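Let's take a walk through this structure together, starting with one of its pockets and moving outward from there. Please have the 3D view ready to turn.

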Amino acid sequence: MTVKVGFIGAGTIAELHLKALAQVEQAQISAIFDVNTQRAQQASEQYGAKSYESAEALLDSGEVDAVFICTPPFARDGLEEAAVARGIHLLVEKPVGLQLEQAKRKEQLILESGLIHSSGYCLRYLDIVQQAKEYLKDKQVDLVLAYRIGSAPPLTWWSKLELSGGQLVEQSTHQLDLIRYLAGEFKAVQAIHELRSSMLAIDPDATAYDVGTVAFELQSGAIGNITSTSVSKYVGRGEVELFGDGFYVSLKGAALRIVDDSQDITIKSRDQYYFKQDQAFIEAVRLNDQSLVLGSYSEAVATLAVTLAANESAASRSRVEIS
Ligand SMILES: NC(=O)c1ccc[n+]([C@@H]2O[C@H](COP(=O)([O-])OP(=O)(O)OC[C@H]3O[C@@H](n4cnc5c(N)ncnc54)[C@H](O)[C@@H]3O)[C@@H](O)[C@H]2O)c1
C-alpha cells in the first residue's frame with residue numbers, strides 16, 4: 001500500500017519533510033495547501049502533487065491518507081480536528097499549539113479516533129539517542145544541563161511571543177523533549193526570560209525574549225537547567241548533558257559521548273532524522289502500528305505542557321508545578 005500524503009503549510013520545515021518523504025518508497029506526496037498560494041504551487045510542481053485552495057479542500061479531496069501539519073504554532077486552529085473527522089492520519093509539527101487546553105482537546109479526539117499520530121520530535125529517531133536511552137535505562141540521572149544557543153530564524157512570527165511561544169516553546173523544545181525522553185517527567189520549573197537587544201534589532205515590536213533560563217526538578221528528584229538564547233550570532237549549538245554517580249552522557253549535535261569507569265567514547269551519527277521520522281510514520285500508517293512512532297501527539301502535548309509552564313513561571317516570577 002502506498003500512503004498518499006498531503007501538506008498543510010509549505011514553509012521551511014515542510015520543505016525538509018518533502019525532501020525526506022520523496023525518498024520514502026511507500027509514500028506519495030499528493031496534495032499541498034499553503035495560505036501563500038505561490039509557495040504551495042511551487043512545491044506541488046516540484047514534487048508532482050496537486051495544490052489546493054484551502055485545508056478543507058485538501059482534506060476532502062480523497063487524495064490524502066495522511067497529512068503533515070506544518071503551519072506555524074499560532075496557525076493550528078481546527079486543523080487536527082478536520083483531519084480526524086475525515087479519518088486522516090496525522091504528523092503535527094512541534095510545538096503542537098500555544099494553548100495547553102486546546103492541545104489536550106485535540107489529543108483526546110486523536111486518541112479516540114484510533115488514527116496514527118506523530119509529532120515533530122525528530123531527534124528521538126537518531127541512533128545515538130536510542131543508544132543513550134538504552135545506556136541510561138537502569139541508571140539514576142541526578143543532574144541535567146541543557147542549552148540551545150544561536151540566532152533568531154528570519155521568520156516574521158518568531159519574534160512575537162504570542163505567535164511563536166518564544167524560543168523554549170518553539171526551538172529548545174527539542175532539547176527539553178530529549179530530557180523527558182531520557183530522564184523522565186518534569187515536576188516543576190522556575191524560569192527567567194528577558195528581552196535584551198538582538199531581537200529588537202530584528203523586530204522593533206518584538207515581544208519574545210532572547211535570553212532565557214529554566215531551573216527544574218524532575219519527578220525522579222533529579223534537578224537541572226535548560227538555557228536558550230537567540231543572541232548568539234556567530235556560535236550555534238544545542239546539547240543535553242546528563243550526570244549521575246559514576247557516569248556522564250552528552251548529546252551534542254549529532255554526537256553522543258559516554259564516560260564512565262570503563263570507557264570514554266564518542267559516537268557520531270550519520271542518521272538523517274527527518275527521513276527516519278517520516279519513514280517510521282509512513283510504516284506506522286501502512287501497518288496500522290502506532291508503536292513505530294517514537295514521538296506521538298501525546299508526547300508532544302506533554303512537552304508543550306512543560307514549556308508553557310516555563311513561560312508562566314517567567315511571567316509570574318514564581319515556581320510552577322507541572323500538572
Ligand atoms: N522539527 C523541526 O526540526 C522543525 C524545524 C523547523 C520548524 N519546525 C516547526 O514547523 C512549524 C513551521 O515552521 P517553519 O519554520 O516551517 O515556518 P515558515 O514560516 O517557514 O513556514 C510556515 C508556512 O505555513 C504557512 N501558513 C501559515 N498559516 C497557514 C495556515 N493557516 N494554513 C496553511 N498554511 C499556513 C506559511 O505561509 C508558511 O509557508 C513550526 O511549528 C516550527 O516550530 C520544526
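In this predicted model, 18 residues line the second largest pocket, and those nearest its centre are Leu100, Ala305, Val306, Ile322 and Ser323. The space inside the second largest pocket comes to about 290 Å³.

Which elements build this lining? At least two residues each come from α5 (100-113), α12 (297-316) and β15 (320-321). Of the contributors, α12 gives the most, with eight residues. If you colour the lining of the second largest pocket by residue class, you will find 10 nonpolar residues, three polar ones and five charged ones.

Now zoom out to the domains. The domain assignment divides the protein into domain 1 (3-122 + 274-293) and domain 2 (123-272 + 304-321). In contact with each other are 23 residues from domain 1 and 21 residues from domain 2. Where does the second largest pocket lie with respect to domain 1 and domain 2? It lies between them, because both domains give residues to its lining.

Let's look at how the two domains meet. Their centres, taken over C-alpha atoms, are 26 Å apart. An interface is often described by the accessible area lost when the parts come together. Between domain 1 and domain 2, about 1,800 Å² is buried, with carbon and sulfur atoms giving 65% of that area. The interface of domain 1 and domain 2 is also crossed by two salt bridges.

One salt bridge to find in your viewer joins glutamate 170 and lysine 94, whose closest N and O atoms are 3.9 Å apart.

Definitions and conventions: Residues are numbered from 1 along each chain as its sequence is written. This is a predicted model: local features need pLDDT of at least 70, side-chain atom pairs count only at pLDDT 80 or more; totals for chains, interfaces and linings use all residues. Side-chain values use heavy atoms; hydrogens and water are left out. On a 1 Å grid over the protein atoms alone, a cavity is a set of points where a 1.4 Å probe fits but cannot get out, and a pocket is an open set with protein on both sides within 12 Å along at least five of seven lines; lining residues have an atom within 4 Å of a point. Grid points are joined across faces, edges and corners, and a volume is the space filled by probe spheres set on the points. Helices (H or I, at least four residues) and strands (E, at least two) are DSSP runs, numbered from the N terminus. Ala, Val, Leu, Ile, Met, Phe, Trp, Tyr, Cys and Pro count as nonpolar, Asp, Glu, Lys and Arg as charged, and the others, Gly among them, as polar. Domain bounds come from an automatic or database domain assignment. Contact means heavy atoms within 4.5 Å. Buried area is the accessible area (1.4 Å probe) that two parts lose on being put together, summed over both. A salt bridge is a side-chain nitrogen of Lys or Arg within 4 Å of a carboxyl oxygen of Asp or Glu.
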